[in-house]
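Student: I have a structure to study. Can you take me through it step by step?

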Amino acid sequence: MMVEDVFSSKGRVKILRLLVEIGELNISEIARRAGLNYATANQHLGTLESAGLILHKSFGRIRIYRLNENSPHARAVKGLIEGWEQRLGEK
Amino acid sequence: MSTYFTVFTDESKLDINYIPTRLSHRESQFNLLTKFFQFAVESPGKMAQRVLIVGNVGTGKTALAKLFGLKIMQTAQEKGINLRYVHVNCRERRGSLFMILQQAILEFYPNFPKRGYSSEELLGMLLQVLDEQNVCVILGLDELEALLKSEGADALYKLTRIHEGRLKEPQRLSIIGILRNLECLKALDESTRSTLQQNIIFLEEYSKSQLRDILSTRVTLAFRLGAVLEETLDQIAHLAEKEGGNARYGIELLWRAGKYADASNLHEVPPECVRRASSNVYPTVQKDAVLSLGLHEKLFLLGLARRLKHTTQAYLTMGEAEEAYRIVCEECGEKPRRHTQLWKYVNNLSSADVVESKVSSDGLRGKTTLIGLPYVSAEELERELSRGLGLQ
């Protein structure tokens, strides 16, 4: 997946930011906090997971997503978001 | 600016949630508990334990369990063992197995979804979480009576038999049940009862000299040197002994007496402050129950107390109680809950013995729920609730 494919969607960026800030979340909570509907959130999560940026764990019917710390791309995204937020805080 | 003098040095040492580093007069019970769980730091996962701690209010059950939990986690950490003690108050969790298990899971996944599964599924998820994190848990179930009352024997059966289908897998969940007496276990089936009743630690009521000793330790931690007179300590120990050897009552009385001394600008806490405080401390059982209520339950109770204070009736009808509640909601700027929710609150409050509810009999037209406060004075309750809700 190309970098523009990841960042071209506001929904995906919101999801990544949530996972960087909070750590682990289930789909409904991700959808609620990102202001997306369940199906859209699920679709974005699928895209991000297939790009290797996030991972999920299943507990029965519940899926909990988190950033894939083993992926250099995910770590780069995390660094970018954290740095960005820090700058915003300084302003 | 006038300077404010206080007899306290650290009030937090008298707080209900403060756990002392050593429990006076409970050493043998602490050692017994440690022996029961020795396997957890020597061969973790090899077995699971079930222990009951039984004793009256204020005999140190909760403190014993929590202190044990802290110490065993320390020992486990030193040995590089992944062991957690999770303390859950069943009454605060409405006696629901679902909410109890959920609190245990939230220790590991703080953002775990709050709904969307059953308690049976949750039990499986808890084991999955423990396996995944390779951790053993000692689950302290405080006020176990609430779980049994609300869910019956099944809940405890499931908890005690959680490992049965997991042959050759590590046994990760041990249980410490904390309860006032063994009466409620009579409702359990023979097999669950026998599983539970193998290891029981009884906590006797404290004697006057033991209470004095405990209070004296707290005085050293919480008050200025010499601020609490010997006579004052004797008096509090005597009152706490009369209250059923209740150390918590004694500590609460000590704190209140200190507050009265502060309010009167005294540099010492004389027995007179204890006399004034003792007429204002209301039973610890109800205090616990009231503290664990939700906002709207507290508002409902406040409306009830206010209305009952100004009437000679022993009970209010549900309609009168709802009206009083709506007035309190208006005062607090809260949107009032509807009838069905309030009716659920009444059932909860009634099962926690905070209020008494009954169905109206002859003399009233139709049928309604009657609600009264037989266990505590309406004025006392109103004062406590108003203070807690910041309305004073």
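Student: How many helices and strands does chain B have?

Tutor: This is a predicted model. Chain B holds both kinds of element. The count is 17 helices and 8 strands.

Student: What is the radius of gyration of chain B, and why is the chain called as compact as a globular protein of that length?

Tutor: Start with the globule rule, which gives 21 Å for 392 residues. The value for chain B is close to that, so the chain is as compact as a globular protein of its length. Its radius of gyration is 23 Å.

Student: What share of chain B is buried?

Tutor: A residue needs 20 or more other C-beta atoms within 10 Å of its own to count as buried. Chain B has 392 residues. The buried share is 36%.

Student: Which helix gives the largest share of the largest nonpolar core?

Tutor: That core has 66 residues. Among the members that touch the most others are Ile15(A), Ile53(B) and Leu147(B). The largest share, 6 residues, comes from one helix of chain B, residues 61-78. That is helix H3.

Student: Which residues is Leu147(B) in contact with, leaving aside neighbours within four places in sequence?

Tutor: Contact here takes C-beta atoms within 7 Å. Two partners, Ile100(B) and Leu141(B), are also listed among the core members that touch the most others. The full set is Cys90(B), Gly95(B), Leu97(B), Ile100(B), Leu141(B), Ala155(B) and Leu156(B).

Student: What average pLDDT does chain B have?

Tutor: In chain B, 95% of the residues score at least 70. The average is 87.

Methods
Residues numbered from 1 in each chain as written. Chains lettered and ligands numbered in written order. Predicted model: local features only at pLDDT ≥ 70, side-chain atom pairs only at ≥ 80, totals over all residues. Helix = DSSP H or I, 4+ residues; strand = E, 2+ residues; numbered from the N terminus. Rg over C-alpha atoms; globule rule 2.2 N^0.38 Å. Buried ≥ 20, exposed ≤ 12 C-beta atoms within 10 Å, placed from the backbone. pLDDT = per-residue confidence, 0-100. Core = buried A, V, L, I, M, F, W, Y, C linked by C-beta atoms within 7 Å. Contact = placed C-beta atoms within 7 Å.
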